[in-house]
Amino acid sequence: ADDGSVSAADGSWSYIPGTDFAPSPPLLKTHAEEVTYKYSGPRASDWKYFKAGVTADPTRIDSLREFDTVEGVGDRVVKAEMAKGGIL
C-alpha cells in the first residue's frame, strides 16, 4: 500500500509503520505471521534496537475480551517476554 501498511491475508489485522521505520525481517520466523520494522529516523544509531511490528498466532478463543481486558492481555504479554529474557 502507498502508506507502507501491511495486513493479514484474511484481513484480521493491519499495521501502518511510522514514516521513520524501515522493514526489518526477523532472522528466524517464530510466529504464524510477523512483520517487524526498525527505527531508521534521526539519530537511528542511538535507537538501533528500537523495533515495532506485529506477530500473530492462531488461538483457541475468538476475542481477547474472552481472555482478559486489553490492559490485562498487555500485562501478560510483557510478563511472558520478560520471563523469556526479552527486551521491550
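Six bridges join strand β4, which covers residues 33-39, to strand β5, and the two strands run antiparallel to each other. One place to find this pairing in the model, which is a predicted one, is Y37, whose bridge partner in β5 is A52.

From this pair of strands the view can be widened to the sheet that holds them. Three strands make up an open sheet, and their order across it is β3-β4-β5, with antiparallel pairing. The edges are formed by β3, at residues 21-23, and by β5, at residues 51-56, each of which pairs on one side only. Between neighbouring strands of this sheet the average turn is 25 degrees, with direction ignored.

The strands also lead to the largest pocket, which has a volume of about 1,500 Å³. This pocket is lined by 39 residues, and the closest to its centre are H31, V54, T55, V77 and E81. The elements that contribute two or more residues to the lining are the strands β4 and β5 together with the helix α1, which spans residues 70-83. Which element provides the largest share of the lining of this pocket? That share, six residues, comes from β5, the edge strand of the sheet at residues 51-56.

Sorted by class, the lining of the largest pocket consists of 19 nonpolar residues, ten polar residues and ten charged residues. A reader who follows β5 through the structure therefore meets both topics of this description, since, by the DSSP runs that delimit the strands, β5 is joined to β4 by six bridges and gives six residues to the lining of the largest pocket.

Technical notes:
Residues are numbered from 1 along each chain as its sequence is written. This is a predicted model: local features need pLDDT of at least 70, side-chain atom pairs count only at pLDDT 80 or more; totals for chains, interfaces and linings use all residues. Side-chain values use heavy atoms; hydrogens and water are left out. Two strands pair if DSSP finds at least two bridges between them. Helices (H or I, at least four residues) and strands (E, at least two) are DSSP runs, numbered from the N terminus. Axes are lines fitted to C-alpha atoms, for helices over the stretch in contact, and angles run from 0 to 180 degrees between N-to-C directions. On a 1 Å grid over the protein atoms alone, a cavity is a set of points where a 1.4 Å probe fits but cannot get out, and a pocket is an open set with protein on both sides within 12 Å along at least five of seven lines; lining residues have an atom within 4 Å of a point. Grid points are joined across faces, edges and corners, and a volume is the space filled by probe spheres set on the points. Ala, Val, Leu, Ile, Met, Phe, Trp, Tyr, Cys and Pro count as nonpolar, Asp, Glu, Lys and Arg as charged, and the others, Gly among them, as polar.
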